[in-house]
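Visitor: I would like to go through this structure with you, term by term. Shall we bring it up?

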Amino acid sequence: MPRLAMAMAMTVMAACWSGAAASKEFRAADTHPDGYPTVQAVVHMGQLIAERSGGRHRIKVFHSRQLGEEEETIEQTRVGAIDLTRVNLAPFNNVVPESMVPSLPFLFRSVDHLHAVLDGPIGEEILAAFEKHGFIGLTFYDSGARSLYNTRRPIRTVEDLKGLRIRVLQSDLFVAMIEALGAQAIPLPYGEVLTALSTGIIDGAENNWPSYEESRHFTVARHYALTEHVMVPEVLVMSKTVWDGLSAEDQTLFRQAAHDSVVPMRRLWREREARAETAVRAGGAAVVADIDKRPFAAAMAPVHERFMAEPRLRDLVRRIQQTP
Ligand code: GTR
């Protein structure tokens, strides 16, 4: 090869090589199946990243627990074996104390209140708190309100829950919340709940409309009581180890794309909630909607005291309550 052609070929190869070295397919975990709003949100974010980086970066979402249950994907993300994970905030409660704040019972007054808090400085502060624990909090996603369901009987009052074995998320706060209602709290990974309900190991669980439906829990635990005791959001985090290896420009790219995935996710969420409710009711679940929530809130109130012992957490709660 003539020398000039050779030099040109080498320049082209070098350019390709440096591009290849800096480009990456990022692995994201989600417990939900393909098509669930959280999965679609991260797929959408990946499309934005691919477009905006000229195809240099991509995200591949491993949905349906392919990379493990939420506690496992959190740990894998911390060590950098998984790049991103989308989980509920509750499995972070024992890891990042600030994540307990939006997980408190009867804290948010409405979806608008929740959005006002999460979209503002308090939301930023809670996301920033992940960093010292090995994660970069990228964004929150909607998860509606969680309500109680069980295989045994309709729930109308706190007394109706007495003695029932209720599966909870793997969080001490959730254990305390359910025990405060007089039920027995059984922490279990999400993927084990359907079998545990079917075999009678547990009597019930709690979740939002889309998860109650998507998981098929409603086919076994047919009494759904709209207690709406908690509006704990979902969170998307990146491994800090992975983040630290990104250029400042790529970090901005990820933050911006995560942010831009929120509005479409909220639209998908609203649609999905409505569809799930229709499907659950059509599937024959017995829904108790006329519940006086005040005794539930009163029974659960002591968990605020117990888990918000640190002044900085109490201050966040106070600011949330004062947010219009
Ligand atoms: C769902 C949430 C999941 C998972 C699940 C659970 O609402 O989207 O990430 O945390 O609840 O109860 O385990």
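Visitor: What makes the pair formed by an oxygen atom of the ligand and the side chain of R146 a polar contact?

Guide: A polar contact is a pair of N or O atoms within 3.5 Å. The ligand oxygen is 2.9 Å from an N or O atom in the R146 side chain, so the pair qualifies. R167 has such an atom 2.7 Å from a ligand oxygen, and N208 has a polar side-chain atom 3.2 Å from one. The protein buries 99% of the 320 Å² that the ligand exposes taken alone (Shrake-Rupley method, 1.4 Å probe).

Visitor: How far can these values be trusted?

Guide: This is a predicted model, where local features need pLDDT of at least 70, side-chain atom pairs need 80 or more, and totals for chains, interfaces and linings use all residues. Residues are numbered from 1 along each chain as its sequence is written, and side-chain values use heavy atoms, without hydrogens and water.

Visitor: Why is the pair of D260 and R52 called a salt bridge?

Guide: The term requires a Lys or Arg side-chain nitrogen within 4 Å of an Asp or Glu carboxyl oxygen. D260 and R52 meet at 2.9 Å, N to O, so they pass. D260 lies in helix 10 (residues 248–260) and R52 in helix 2 (residues 37–52), so the pair ties together parts 208 residues apart in sequence (helices are DSSP runs, H or I, of at least four residues, numbered from the N terminus). The structure holds 26 salt bridges.

Key: A polar contact is a pair of N or O atoms within 3.5 Å; within protein, one must be able to donate a hydrogen and the other to accept it, and residues adjacent in sequence count only if both atoms are side-chain atoms. Helices (H or I, at least four residues) and strands (E, at least two) are DSSP runs, numbered from the N terminus.
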